[in-house]
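Trainee: Please take me through the largest pocket of this model in detail. What lines the pocket, and what surrounds the ligand?

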Amino acid sequence: MYPVKDEITKVLTALPEGVRLCAISKYHPAEYIEAAYECGQRVFGESHVQELQQKQSVLPGDIEWHFIGHLQTNKVKYIAPYISMIQSVDSERLLREINKQAQKNRRRISCLLELHIAEEDTKSGLSVEECRQLVASGILDELPGVQICGLMMMASNVDDDEQIAAEFHKAHELFLELKQDYFAHDPAFKECSWGMSDDYPLAIANGSTMIRIGTKIFGPRVY
Ligand SMILES: *Cc1c(COP(=O)(O)O)cnc(C)c1O
């Protein structure tokens with residue numbers, strides 16, 4: 001087994017105050033999650049509903065599961081009873097469905113709005129302008145089952161540190177703008193989820209409060 005305990009311990013001990021780790025366990029077996037759990041880790045991120053369902057059913061109940069992948073509206077109902085946070089909200093339609101399923105389960109589901117700043121078209125998410133418009137539209141006030149806790153984004157997959165840092169900075173600027181204009185009195189709006197295995201130090205330098213690390217902790221994924 002990959003030295004999960006050694007790797008996660010390195011990451012956890014180097015984590016600055018105010019930054020949490022979401023351990024991205026997609027494509028890795030339950031035993032790897034258990035190893036990280038034994039080191040005290042409780043927040044795990046998955047990107048496929050079926051895989052998450054399977055893991056959630058066999059792993060400890062105090063794990064906080066975060067959904068980080070593209071989420072189809074017709075699958076929200078499966079994770080709504082237990083999901084701690086949906087980080088990948090990229091449309092009003094999805095938000096409305098999360099609201100509906102949260103209410104059915106008598107819960108309020110924490111969500112992050114996923115921003116698309118990276119150059120790759122393959123990455124999903126809202127543009128800066130779409131994100132602004134969604135918040136400004138006032139529809140969030142009509143969705144009592146949804147708690148917007150901040151923003152999530154992925155930087156471009158490039159070697160250029162300056163470009164990556166600039167993308168994180170742009171996301172952080174938007175976060176600060178939205179915080180000031182719409183969420184100044186909402187302490188729940190506080191999360192900046194950015195930083196992955198290859199770029200998390202740059203993310204932490206640019207406002208991240210939650211890094212999402214998979215490969216560095218669990219090793220290469222086998223698809
Ligand atoms: C897979 C994934 C990660 C983790 O990436 P690593 O490079 O393995 O650390 C983080 N965020 C999202 C949205 C992902 O899909």
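Mentor: By class, the lining of the largest pocket has 15 nonpolar, 13 polar and eleven charged residues. This is a predicted model, so read every value here as computed from the prediction. The lining counts 39 residues. Closest to the centre of the largest pocket are Lys 26, Lys 123, Met 154, Met 196 and Arg 221. The volume of the largest pocket is about 950 Å³. Helix 3 (49-58), helix 7 (161-182) and strand 8 (210-213) each supply at least two residues of that lining.

Now the ligand. The space taken by the ligand is the largest pocket. Its shell has five nonpolar, three polar and three charged residues. The nonpolar members are Ile 24, Ile 68, Met 154, Met 196 and Ile 213. The polar ones are Ser 197, Gly 214 and Thr 215. Lys 26, Arg 212 and Arg 221 carry the charged label. Lys 26, Met 154, Met 196 and Arg 221 also belong to the group closest to the centre of the pocket.

Look next at the polar contacts. A polar side-chain atom of Thr 215 lies 2.5 Å from an oxygen atom of the ligand. For Arg 221, an N or O atom in the side chain is 2.7 Å from a ligand oxygen. Gly 214 uses its backbone: an N or O atom there lies 2.9 Å from an oxygen atom of the ligand. The protein covers 90% of the 390 Å² of accessible area that the ligand has on its own.

Set the second largest pocket beside this one. About 210 Å³ of space lies in it. The second largest pocket is lined by 13 residues. Leu 140, Asp 141, Ile 148, Phe 183 and Asp 186 lie nearest its centre. Strand 6 (residues 146-153) gives the most to this lining, with three residues. By class, the lining of the second largest pocket has eight nonpolar, two polar and three charged residues.

Definitions and conventions:
Residues numbered from 1 in each chain as written. Predicted model: local features only at pLDDT ≥ 70, side-chain atom pairs only at ≥ 80, totals over all residues. Heavy atoms only, no water. Near = heavy atom within 4 Å. Polar contact = N/O pair within 3.5 Å; in protein donor to acceptor, adjacent residues only side chain to side chain. Areas by Shrake-Rupley, 256 points an atom, 1.4 Å probe, with all protein chains shown as cover. 1 Å grid on protein atoms, 1.4 Å probe; cavity = no way out; pocket = protein on both sides within 12 Å on 5 of 7 lines; lining within 4 Å. Sits in = over half its atoms within 2 Å of the grid points. Points joined across faces, edges and corners; volume = space filled by probe spheres on them. Helix = DSSP H or I, 4+ residues; strand = E, 2+ residues; numbered from the N terminus.
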